[in-house]
Amino acid sequence: MRAAYCKLDCLLVVLSSAAFFLCSCQTQPAKVPESNAAEAVPEIGTETPRVESVVATPEPEPVPPLPEPKEPARPLSGIFEQANRIGATAQAKGDGVWLIEKGGRKLELTEQSRMASLNGIVVFLNEPFLEKEGAFVLSDSDFEYTLRPALEPAEIVLRSKVIVIDPGHGGAEPGSENKSLSLLEKDLNLDVSIRLQKLLEDNGYKVVLTRYNDRLVPLEDRSRIANRSNAGIFLSIHFNSALNKEASGIETYLLTPPESASSNDDAIGSSETSYSGNSFDSLNFELGFRIQSRLIADLQREDRGLKKARFKVLKDLECPGLLVECGFLSHGKEAPLINTPVYRQKLAESLSHSLTSILMSSQIVPTAR
Ligand SMILES: [Zn+2]
């Protein structure tokens, strides 16, 4: 307290001097040593300091606030607990929609539904988002294989920068068709694959195709070619078809993780065993999300989502692998679009941009698998 009074005394002296100084030198610049100028001279033209204001009683010692009565902490439950476990936040947005956030990633869940969205891109859950014991909660499989890879993106570690592109079908197996436009899926798959090969090779990457012409390559040989080529990434190219003529848009598939149901399968909690391709579940999710996001942004087609399936070509891979369905040959407007070389070039460019950006941000570890 002695120190505080001493400070007040000094301040009074300084302010009195300042008041005198103001009266005598309104038009003269202040001649004060520079180092003290700021504290010694009030700004010219401001009000005369009110000396009485400094003669104040010293402030009382702050009284520490009384501790608030503690409520017993309620343990987090359901989706709140799951989000908390990975350092994310969860909030109910109303109308049955929940938002789970971490960093720049936002996963929207809808009660009772398997459809979710990650930063605006449709993502299929392995099981519906349901209420259990009074709280909405993701299945264990979705916590591990959807929530975690969605909000904690996998580091991109690849064993090489070799890209293996797989033009689906071929030879005696045409795949989907559009008879009125004379379109065969196998030809379109090969066309987009060759365009993509050229773009990637122009960027300096090594590319291997599972077929370079119209011949049938057995499914097991396609993943074998990727494994033998020491592929860093495997991408299978397809076009879709459906009895429902309204169906249109683009979807990207990754291998279904173990103990999970595929997106087009209602059987929940399938107990199928793990394949070598399942070593990359988190990475598959991240690469699939990036590829699907870019395709939807570039092509402006309907987003059919990031889906999961146990496709034979993806099961035995020793690198991350995805299968892209680039559009519907059965759709009245999409098929004529796919029939144009300009559109197929756009598709190839979008895939090339995604793959190039993935490879540029990747770390190459030759033993990674
Ligand atoms: Zn196909």
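Helices and strands here are DSSP runs, numbered from the N terminus. The model is predicted. The briefing covers a zinc site, helix α5, the aromatic pairs and a few backbone details. The zinc ion has protein donors in His169, Glu185 and His238. A search of the whole structure returns five aromatic pairs. Two residues other than glycine, Ser182 and Gln300, have a positive phi.

**Backbone: positive phi and a distant approach**

- Gln300 lies in the loop between α7 (281–299) and β15.
- The phi of Gln300 is near 55°, a positive value in a residue that is not glycine.
- Gln300 has a relative accessible area of 62%, over the 50% cut-off, so this residue counts as exposed.
- Ser182, in the loop between β10 and β11, also has a positive phi, of about 55°.
- With a relative accessible area of 64%, Ser182 is exposed.
- Most residues other than glycine have a negative phi.
- Gly204, just after α5, takes a positive phi of about 95°.
- Pro366 sits in the segment after β17 (363–364) and is exposed, at 64% relative accessible area.
- Although 208 residues separate Pro366 and Leu158 along the chain, their C-alpha atoms are 7.4 Å apart.

**Zinc site**

- The donor atoms are NE2 of His169, OE of Glu185 and ND1 of His238, at 2.1 to 2.2 Å from the zinc ion.
- Along the chain, the donors follow the spacing H-x15-E-x52-H.
- His169 and His238 link distant parts of the chain, 69 residues apart: His169 is in the loop between β9 and β10 (177–178), and His238 is in strand β13.
- The relative accessible area of His169 is 17%, so His169 is buried.
- His238 is buried as well, with a relative accessible area of 11%.
- The side chains of His238 and His169 make a polar contact at 3.2 Å.
- A second polar contact of the His238 side chain, also 3.2 Å, is with the side chain of Ser236.
- Beyond its neighbours within four places in sequence, His238 is in contact with Gly168, His169, Glu185, Asn189, Leu323, Val324, Glu325 and Cys326.

**Helix α5**

- Helix α5 covers residues 185–202, 18 residues in total.
- From its first C-alpha to its last, α5 reaches 26 Å, close to the 26 Å expected at 1.5 Å a residue.
- The zinc donor Glu185 is among the buried residues of α5.
- Other buried residues of α5 include Leu188, Asn189, Leu190, Val192, Leu196, Leu199 and Leu200.
- Lys186, Ser193 and Gln197 are also among the buried residues of this helix.
- The cover over the buried residues of α5 includes the strands β9 (163–167), β11 (183–184), β12 (207–209) and β13 (233–240).
- Helices α9 (334–338) and α10 (341–360) are also part of that cover.
- Strand β13, which holds His238, is thus named in both the zinc site and the cover of α5.

**Aromatic rings**

- The ring centres of Trp98 and Phe136 are 6.3 Å apart and their planes lie at 45°, so the pair is tilted.
- Trp98 is in strand β2 (residues 97–102) and Phe136 in strand β7 (residues 135–137), 38 residues apart, and the pair links distant parts of the chain.
- Trp98 has 9% relative accessibility and counts as buried.
- Phe136 is buried too, at 10% relative accessible area.
- Tyr253 and Phe311 form an edge-to-face pair, with 5.0 Å from centre to centre and 70° between the planes.
- This second pair joins Tyr253 in strand β14 (residues 250–255) to Phe311 in the loop between β15 (303–309) and α8 (312–315), 58 residues apart.
- Tyr253 is buried at 4% relative accessible area, whereas Phe311 is partly exposed at 27%.
- One aromatic cluster consists of Phe80, Trp98, Phe129 and Phe136.
- Arg85 lies over the face of Phe143, 4.2 Å from the ring centre.

Technical notes. Residues are numbered from 1 along each chain as its sequence is written. This is a predicted model: local features need pLDDT of at least 70, side-chain atom pairs count only at pLDDT 80 or more; totals for chains, interfaces and linings use all residues. Side-chain values use heavy atoms; hydrogens and water are left out. Rings of Phe, Tyr and Trp (its six-membered ring) pair if their centres lie within 6.5 Å; planes under 30 degrees apart count as stacked, over 60 as edge-to-face and the rest as tilted. Helices (H or I, at least four residues) and strands (E, at least two) are DSSP runs, numbered from the N terminus. Buried means under 20% relative accessible area, exposed over 50%, partly exposed in between (1.4 Å probe, protein chains only). A charge sits over a ring if NZ of Lys or CZ of Arg is within 6 Å of the ring centre and within 35 degrees of the ring normal. The expected span of a helix is 1.5 Å times one less than its number of residues. Contact means heavy atoms within 4.5 Å. Donors are N, O and S atoms within 2.8 Å of the metal (3.2 Å for Na, K and Ca); water is not among the atoms, so sites may look incomplete. A polar contact is a pair of N or O atoms within 3.5 Å; within protein, one must be able to donate a hydrogen and the other to accept it, and residues adjacent in sequence count only if both atoms are side-chain atoms.
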